[in-house]
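Welcome, and please have the sequence and the model open side by side. The exercises below each come with a solution to follow step by step.

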Amino acid sequence: MTNAVIDLLTSHQSIRNYLDKPLTKEQVEAIENAVMQTSSSCFFQMVTTIKVTDKQMLAKIAKLSGDQHNIETCAQFWVFCIDARRFLKTNLLTTPIPFRLFYSGLNDVSLSCQQALVAAESMGLGCVVIGGHKAGIDELSQMLNLKEGVIPALALCIGVVDEEYKEDQLKPRLPKQCLFMDNTYNDDAFNQAVLDEYNQKMRDYYMSRKHGKRDDNWTNSCVQMLPPLNSPKIKTALINYIEKQGFSLSF
Ligand SMILES: Cc1cc2nc3c(=O)[nH]c(=O)nc-3n(C[C@H](O)[C@H](O)[C@H](O)COP(=O)(O)O)c2cc1C
């Protein structure tokens, strides 16, 4: 069974190369409307989205996010912020804001970002979700003039696709039996044999793609990404930042 929406969702690929073209007013409005209608935990509506289009700001954000060129060249960089400030301003909450609210906000932000991505892709635009800005979250926060109660949790590059860089193949996912289970968790679904087969599939994908060819596999790509996130320096900086913004990490 398929339809236009399923076709769109199952053809997603992150796009990191864009033409030097702005989004139209109509495109931006359509994405905003899609984001506004996102489900919201307890209907708290704890999301504020900051649309960055200023070239100098984009260049700085690209740098603080670990030199991510795609951030510099996208048409718009949408920063999805967890926003409890409206509750602080109306005295519905005081700091420290309980972790429960951080968790709700993070859920809402994630859904909003995906809603924006799908809306943008439905109009033929290209996107990539960005979490790399966490490396420079303090600097980004100052740049965006964020106040207590507001955290830039997730971001999205949106731009006009440079078709030359679009891959013919989609990035293969883990096999379905590891990702979906019936009623209870099946701990046997994922094992070494499944991993070996998937790693081979990923190696074939990395080696045969048009751009960014590399001799790599899934396990290795995860290993490359894990150490910096686990590094005490980044962890402490992130925790300190979250607490500075008025959120508590305990319930
Ligand atoms: C929370 C999150 C953070 C991400 N951060 C980045 C990022 O900082 N830079 C980037 O190039 N891609 C980022 N991505 C995109 C993933 O790398 C991408 O979705 C994944 O490799 C699968 O590839 P595909 O989207 O082309 O299928 C992020 C994705 C998510 C969900």
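**Exercise 1: A residue in the core**

Ile82 is buried, because 27 other C-beta atoms lie within 10 Å (buried means 20 or more other C-beta atoms within 10 Å of its own, exposed 12 or fewer, partly exposed in between, with C-beta atoms placed from the backbone). Before going on, note that this is a predicted model, in which local features need pLDDT of at least 70 and side-chain atom pairs count only at pLDDT 80 or more, while totals for chains, interfaces and linings use all residues. Residues are numbered from 1 along each chain as its sequence is written.

Task: find the element that holds Ile82, and list the contacts of Ile82 beyond its neighbours within four places in sequence.

Solution.
- Step 1: Ile82 lies in strand S2; strands (E, at least two residues) and helices (H or I, at least four) are DSSP runs, numbered from the N terminus.
- Step 2: Leaving aside neighbours within four places in sequence, Ile82 is in contact with Met46, Phe102, Gly105, Leu106, Val109, Ile151 and Ala153; contact means that C-beta atoms, placed from the backbone, lie within 7 Å.
- Step 3: The C-alpha atoms of Ile82 and Asn107 are separated by 9.1 Å, with their positions 25 residues apart along the chain.

**Exercise 2: The sheet and its helix**

Task: work out the strand order of the open sheet, then place helix H6 against it.

Solution.
- Step 1: The four strands are ordered S1-S2-S4-S3 with antiparallel pairing, where strands pair if DSSP finds at least two bridges between them.
- Step 2: S1 (47–52) and S3 (125–130) are the edge strands, each pairing on one side only.
- Step 3: On average, neighbouring strands are turned by 25 degrees against each other, direction ignored.
- Step 4: S3 and S4 (residues 150–160) run antiparallel and are joined by six bridges. Here Cys127 stands opposite Ile158, and Val128 stands opposite Cys157.
- Step 5: S3 is largely enclosed by the rest of the structure, because five of its six residues are buried.
- Step 6: H6 (residues 99–122) lies across S1, S2 (76–83), S3 and S4, at about 5 degrees to S4. Axes are lines fitted to C-alpha atoms, for helices over the stretch in contact, and angles run from 0 to 180 degrees between N-to-C directions.

**Exercise 3: Around the ligand**

Task: which element gives the most residues to the shell around the ligand, and is Leu154 buried or exposed?

Solution.
- Step 1: The residues surrounding the ligand include His12, Arg16, Gln68, Val128, Leu154 and Lys171; a residue is near if its C-beta atom, placed from the backbone, lies within 6 Å.
- Step 2: S3 gives the most to this shell, with three residues.
- Step 3: Leu154 belongs to strand S4 and counts as buried, with 22 C-beta neighbours inside 10 Å.
- Step 4: Beyond four places in sequence, Leu154 is in contact with Phe80, Val109, Ser110, Cys113, Val129 and Gly131.

**Exercise 4: Backbone exceptions**

Task: locate the cis peptide bond, then find where Asn91, with its positive phi, sits.

Solution.
- Step 1: Most residues other than glycine have a negative phi, and most peptide bonds are trans.
- Step 2: The bond from Thr95 to Pro96 is cis, with omega near -5 degrees. Pro96 is in the loop between helix H5 (85–89) and H6.
- Step 3: Asn91 has a positive phi of about 60 degrees and is found in the loop between H5 and H6. Asn91 is exposed, with 7 other C-beta atoms within 10 Å.

Definitions and conventions:
Two residues are in contact if their C-beta atoms, placed from the backbone, lie within 7 Å.
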